[in-house]
Amino acid sequence: MKTEYSGIKAVLLDIEGTTTPMDFVHKTLFKFAIDHVQGFLLANYTNEKVLEILSNLKKSYEANTVSSKEPTEWTEIDLEERCKSATAYVKWLVSNDSKDSAMKELQGLIWKEGYTSGLLKGEVYPDVPEAMGRLHEEGKILAIYSSGSVLAQKLIFSTTVYGDLTQHISNFFDTGVGNKRDPESYTVIANLLDLEPNEILFLSDIMEEVQAARYSGMVSLQVIREGHSTNKDPSAMKISGLMELFS
Ligand SMILES: [Mg+2]
């Protein structure tokens, strides 16, 4: 890394907008789940976990019917019919920007199967593999902090077209440590890494996250990828790619 970062022992990376294009989560992943929901349910409805999700979706459907939000119709003469009703309801939830937990759980299972089968590949910007490799070589600790679950994070980095990047990453943090806009979360991460906050360099596209990390004492840079509009933090140094960390 550049000499100005000589005191840095760990680099903490955000995912969306930093290592990975925004569209990957908002378009690719969500579209994949929608496209595969019916096939997945029909192929797996004897699975105990899937049966539980189906029953939770039914409860969620009934709650929405009671609150007269008029979801799609739910019929179930048999399990196959129930899967089709659940599919229509999941699509309705997604189009209503719902955070329904049964739907989220189902999406997670569909993504996991997609990654495992190779139909789905984790996306990173082209500079990410080289930058991660170099940081690793230089003996820096590489960690991820993202609002996606730790499992989802590992799946993204282990299945890229550049190979398995998790070999370079030693720690994964999700919102279990706290909100990304709360300075306290960065203090928790520093403690978990057993480092002083000023030994950690945090990179994110989001101004509030960059500010929260800096407030905790971390060195904090804002990543502004080409074509990605985001509020700029007036106090943060900005980079457009990870290779700018090296001289
Ligand atoms: Mg981000």
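**Note on helix H7 and the core**

1. Just after helix H7, Asp 194 has a positive phi of about 60 degrees. The model is a predicted one.

2. H7 itself covers residues 183-192, and its buried residues are Ser 185, Tyr 186, Ile 189 and Ala 190. These four lie on the same side of H7, because they cover an arc of only 140 degrees around the axis. A general point helps here: an α-helix has 3.6 residues a turn, so residues three or four places apart point the same way. On the other side of H7, Asn 191 and Leu 192 are exposed.

3. What do the buried residues of H7 pack against? Their partners are four strands, S1 (10-13), S2 (141-145), S3 (171-173) and S4 (200-204), together with helix H8 (207-216).

4. Leu 12 has contacts with Ile 189 and also with Ala 143, Tyr 145, Ile 200, Leu 201 and Phe 202, leaving aside its neighbours within four places in sequence. In the largest nonpolar core, which has 58 residues, Leu 12 and Leu 201 are the residues with the most contacts inside it. At least three residues of this core come from domain 1 (3-20 + 123-245), and at least three from domain 2 (26-117).

5. For the protein chain as a whole, there are 8 helices and 6 strands, in the order β-α-α-α-α-α-β-α-β-α-β-α-β-β from the N terminus. Of its 247 residues, 35% are buried. Among contacts with a separation of 6 or more, 63% are between residues 24 or more positions apart. The C-alpha trace spans about 70 × 35 × 35 Å along its principal axes.

Note on methods: Residues numbered from 1 in each chain as written. Predicted model: local features only at pLDDT ≥ 70, side-chain atom pairs only at ≥ 80, totals over all residues. Buried ≥ 20, exposed ≤ 12 C-beta atoms within 10 Å, placed from the backbone. Helix = DSSP H or I, 4+ residues; strand = E, 2+ residues; numbered from the N terminus. Arc of directions from axis to C-beta. Contact = placed C-beta atoms within 7 Å. Core = buried A, V, L, I, M, F, W, Y, C linked by C-beta atoms within 7 Å. Domains from an automatic or database assignment.
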